[in-house]
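Please walk me through this model in a viewer, telling me what to select at each stop and what I should find there.

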Amino acid sequence: MKVVGSSVQRSDGEAKVRGDAVFGADLAVPGMLHARLLRAPVAAGIIRHIDTAAAKASAGVRDVVTGADVLNERAGVAVFDNPLFATDYIAYEGEPIAAVVADTAEQAEAAIRKVELTIDAETPVATPGQALMSDARMVHPSWAEFGTVGGIDFNRDGNIVSQILLDPGDVDGAFKRADRVIEGVYQTPRQYQAYLEPKMALATFEAGRYTIQVSHQYPFRLRDRLAQVLDVPKSAVRIVGHHIGGGFGAKLDLALEPYAAVLARRARRPVMMLNNPEEERLTAPCRENATVKVRSAVLNDGTILAQDVDVVFDSGAYANNHPATASIPIFMFGSIYRVGTARIRNRMVYTNTAPTGAFRGVSGPYLVFAAERHMDQIANELGRDRREYRLAMLAEDGHKMLNGQALEELSILHKAFDLVEERAPWAEQGKGKLRGVGIAAAVWLTNPQPGQATVKLNEDGTLTVVTAATDSGSGAVTTGLRQIAAECLGISADAVTITMPDTDVAGFDAGSQGSRTTHVAGRAVYDATTGVREKVIEKAAAMLETAKEDLVIEDGVVHVAGVPEMSLGLADVAMAATFSQGPIAASGSYTTPPPPHDPSRTKGMLFSTWPTPTYHVHLAEVTVDAVTGKVTVERYIIAQEVGRTINPDAVKGQVLGGLAQGLGYTLWERVDIDAGRYVQRNFESHGLPLACDMPEVEFVLMENPEAAGPYGAKGAAEPSIVPVAAVIANAVSDAIGAPIDDIPITPEAVLDALERS
Amino acid sequence: MTADQPISVTCTVNGETQTLEVGAGETLLQTLRRRLWLTGTKEGCLEGECGACTVLIDGAPVASCIQSAAAVDGRDIRTIEGLSDGERLSPLQQAFLDHAAVQCGFCIPGMLMTLTALLEQQASPSREEVETALAGNTCRCTGYQQMVDAAMTAAGRERA
């Protein structure tokens with residue numbers, strides 16, 4: 001292969017280093033107005049009165065709207081609980097109450113301060129623990145009347161947004177047979193995505209259709225959600241995507257777009273909205289805070305007869321996409337280690353806090369944290385070496401997960417443990433006072449959702465790939481898809497242009513999430529380019545008066561195999577085809593079929609399989625400062641399986657970036673909540689990782705081509721974040737000789753634990 | 001002088017002399033983006049912490065979001081748009097591409113300005129010195145390693 005496997009540079013790279021790349025937040029169009037939202041100043045309260053008269057009279061103001069002025073039906077991805085504007089009560093601090101549109105952003109800002117709001121503040125339901133109390137106030141008193149997607153029940157119950165239960169029925173019996181029951185409780189906080197580009201939307205309304213220009217990870221979901229809240233057909237909404245200044249899951253659903261759309265239609269002018277930094281922090285759909293309880297029924301020889309896992313997580317004020325991904329715990333326990341049987345319960349809970357949502361590795365970081373802290377705990381209690389115990393419990397190829405799906409390639413994990421061992425022999429790591437080592441393993445998925453691509457041969461012999469796949473930074477579109485098309489046709493990646501997303505132009509694509517782009521959109525591009533290739537060969541065979549089977553395409557030239565002088569440039573073929581039979585183009589569509597599993601075990605779960613699994617082992621060595629409590633990561637090794645590497649530098653960038661986010665989550669970043677309100681309200685206080693915080697990283701790439709993927713590629717971008725918290729907590733616990741079962745592992749937490757040990 | 005009376009400022013921006021009427025509370029970031037349409041300088045945290053808005057004033061990196069525009073009279077300002085020599089990228093810009101140090105790209109203008117200042121002051125920094133210089137620039141995508149690699153290449157130093 002010539003193009004696949006090489007570190008081709010991203011097509012938007014030069015524009016980005018020159019400062020020429022136009023991000024959503026940079027957009028401006030003639031005549032555009034600026035809008036701002038009035039957001040709830042308290043976490044919970046009854047709205048008694050909203051008086052917009054003074055705001056309407058304010059300089060430069062064109063329009064002021066509240067829930068009384070617009071269609072304000074409750075809507076959502078899974079549960080229809082979220083109105084555009086709060087009208088009778090406030091569910092979280094930062095919830096939109098009114099919108100002002102004015103000639104300038106400053107005028108709009110001045111006017112929202114003139115909206116008179118009369119609120120009776122209430123005591124917020126601030127934590128999942130409070131929400132689950134029998135006498136808890138209902139965050140949404142009318143929850144029982146909310147609609148749901150497809151009428152699915154989700155086992156909703158008051159403040160419980162949704163719950164899943166997988167119970168094979170034999171768990172309690174297994175606990176009775178156990179030599180010992182080992183129990184742990186693992187707590188994790190929210191994590192803020194901290195993309196640098198604020199959310200924005202630029203809306204226009206023309207000829208009965210809305211056009212939204214935006215930096216968004218999933219334009220087609222945005223189209224569909226806007227159609228839902230505006231009550232118009234999907235075809236009445238067009239989404240035009242621009243460069244995205246980071247998303248990490250936070251730009252997958254509605255944010256400012258519906259307000260901009262409504263205001264643009266009323267004003268008959270383009271309307272631009274841009275969150276200020278505080279609004280971002282108050283309303284970003286953080287990774288959910290969670291508590292995971294794990295009980296294991298264990299025999300003295302180490303056999304795990306059963307596990308009983310109880311997850312409670314904080315959905316915040318609205319359901320978001322959580323009910324759809326609530327089944328992830330059933331893939332994180334009993335999947336890679338042999339567990340006789342398991343019961344899994346997962347409850348998502350409403351609180352009066354900002355709605356949580358998707359962040360890279362959805363649910364995985366805290367579930368693997370719990371699962372792998374628990375493995376250390378069992379090993380320690382049994383007096384077993386922590387690595388040796390894992391290897392003893394590690395399942396083999398064909399092992400069935402709790403959904404009945406077989407992991408056919410689980411032996412990759414054995415190999416990953418071996419490769420890590422070669423670089424960092426376990427027996428030699430973590431030796432010395434206040435020095436520790438941690439190891440953890442995980443299986444992660446490649447998001448299966450659909451993608452489509454159209455590939456056209458241009459009359460100069462280059463290709464254009466038309467797709468709505470989005471590149472939020474990974475390079476999956478700007479390098480990966482171009483490389484796949486180039487390799488397939490036999491041209492250089494420089495000869496492949498790829499479009500920015502536009503829902504009017506490209507077919508459906510499920511967006512930048514779950515490492516799906518290279519695998520799923522890549523397969524669609526591969527299939528489309530294969531179609532182009534066949535047409536090129538057919539036309540060239542006619543032109544060269546030779547058999548199709550004799551032709552090859554190399555470096556942009558079609559020639560008879562072994563006879564390079566019998567050749568045609570692709571431009572010649574393209575021109576000849578265009579003006580004889582018509583231009584050469586082809587399309588491809590793909591979605592990963594669900595792997596075989598046992599549906600009787602996953603009743604009521606929207607997400608019932610774990611498609612295109614990839615395998616991961618991480619090891620870290622840490623030191624702890626006994627005086628300051630500071631944890632230093634001395635060494636970090638990642639063995640990651642990717643199917644096939646399309647672009648080595650891009651994969652490395654994803655792995656290192658995910659690790660940095662994982663280290664931040666585990667050690668430094670803070671999202672604290674006090675009485676329903678976020679404590680950290682400026683950029684600096686979040687404690688994001690800096691260049692000087694990063695350890696040396698050793699990355700071991702494992703290739704194992706997968707039949708359905710383009711050139712064997714699986715997903716690679718998301719998963720390096722998943723095992724990090726587990727690995728670091730295991731290493732710190734080892735270093736200080738006391739369990740660390742909560743993150744972030746702050747210096748204070750380390751000093752407390754040292755004192756206790 | 002009242003708060004809304006414009007103030008006349010003459011400065012050099014990317015080598016060109018500019019005379020601008022700016023507001024008393026106006027930041028240099030606003031002036032660059034709104035008056036000169038130099039939108040390569042990014043608006044991030046607006047509190048001088050994230051570094052996306054970094055420009056060079058008389059060769060020193062400054063967070064333009066907290067820099068008064070009125071105070072740059074007589075100063076020399078360089079932005080991301082002025083880094084390349086026409087079509088030719090600066091060695092640092094090229095190294096960022098060669099090392100795949102660019103992902104979403106929103107922090108990149110600020111990163112490049114900070115590192116340009118470092119390399120102008122110190123031709124051959126160590127990795128640690130590069131990392132320390134980036135203490136005022138946050139990148140959420142890359143984990144920094146490929147950026148530091150790029151800076152070392154631009155400085156003519158192999159990976160330490």
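Select A:Phe154, which lies in the loop between helix H4 (128-131) and strand E7 (160-166) of chain A, where helices (H or I, at least four residues) and strands (E, at least two) are DSSP runs numbered from the N terminus. Although A:Phe154 is not a glycine, its phi is positive, at about 55 degrees. The residue is buried, with a relative accessible area of 4%; buried means under 20% relative accessible area, exposed over 50%, and partly exposed in between, with a 1.4 Å probe and protein chains only. This is a predicted model, in which local features need pLDDT of at least 70 and side-chain atom pairs count only at pLDDT 80 or more, while totals for chains, interfaces and linings use all residues. Residues are numbered from 1 along each chain as its sequence is written, chains are lettered from A and ligands numbered from 1 in the order in which they are written, and side-chain values use heavy atoms, with hydrogens and water left out.

Next, select A:Glu545, in the loop between helix H15 (516-544) and E22 of chain A. A:Glu545 also has a positive phi of about 55 degrees without being a glycine, but at 75% relative accessibility it counts as exposed. A further backbone feature is the cis peptide bond from A:Ile743 to A:Pro744, with omega near 0 degrees; A:Pro744 is found in the loop between helix H18 (724-736) and helix H19 (747-756) of chain A. Most residues other than glycine have a negative phi, and most peptide bonds are trans.

From A:Phe154, continue to E7 and display the open sheet of 5 strands in the order E7-E15-E14-E13-E8 of chain A, which has mixed pairing; two strands pair if DSSP finds at least two bridges between them. E7 and strand E8 (180-188) of chain A stand at the edges with a single partner strand each, so one side of each is left without a neighbour in the sheet. Neighbouring strands are turned by 10 degrees against each other on average, direction ignored, where axes are lines fitted to C-alpha atoms, for helices over the stretch in contact, and angles run from 0 to 180 degrees between N-to-C directions. Helix H11 (residues 364-382) of chain A packs on this sheet and touches E8, strand E13 (290-298) and strand E14 (304-316) of chain A, its direction making about 145 degrees with that of E8(A). To inspect one pairing, select E7(A) and strand E15 (residues 341-350) of chain A, which are antiparallel over 6 bridges, with A:Arg345 in E15(A) as the bridge partner of A:Leu165.

From A:Glu545, move on to the open sheet of 3 strands, E22-E23-E24 of chain A, whose pairing is antiparallel. The twist averages 35 degrees from one strand to the next. Helix H16 (residues 570-578) of chain A packs on the sheet, touching E22, E23 and E24 of chain A, at about 50 degrees to the direction of E24(A). Strand E23 (residues 557-560) of chain A is joined to E24(A) by 4 bridges, and the partner of A:His559 in E24(A) is A:Ser567.

Now select helix H3 (residues 105-112) of chain A, in which A:Ala108, A:Ala111 and A:Ile112 are buried. The buried residues of H3(A) pack against strand E1 (33-39), helix H2 (53-56), strand E3 (61-66) and strand E5 (96-102) of chain A. E1(A) in turn pairs in the parallel sense with strand E12 (residues 271-274) of chain A over 3 bridges, with A:Met272 in E12(A) as the bridge partner of A:His34.

For the interior, display A:Phe333, A:Tyr636, A:Ile728 and B:Phe96, which are among the residues with the most contacts inside the largest nonpolar core, a set of 179 residues. A nonpolar core is a set of buried Ala, Val, Leu, Ile, Met, Phe, Trp, Tyr and Cys residues joined through side-chain atoms within 4.5 Å.

Finally, colour the two chains separately. What area do chain A and chain B bury between them? The value is about 3900 Å², 55% of it on carbon and sulfur atoms, where buried area is the accessible area (1.4 Å probe) that two parts lose on being put together, summed over both. The contact, meaning heavy atoms within 4.5 Å, takes 51 residues from chain A and 49 residues from chain B. In chain A, select A:Val17, A:Arg18 and A:Leu196, which lose the most area to chain B, together 19% of what that side buries.
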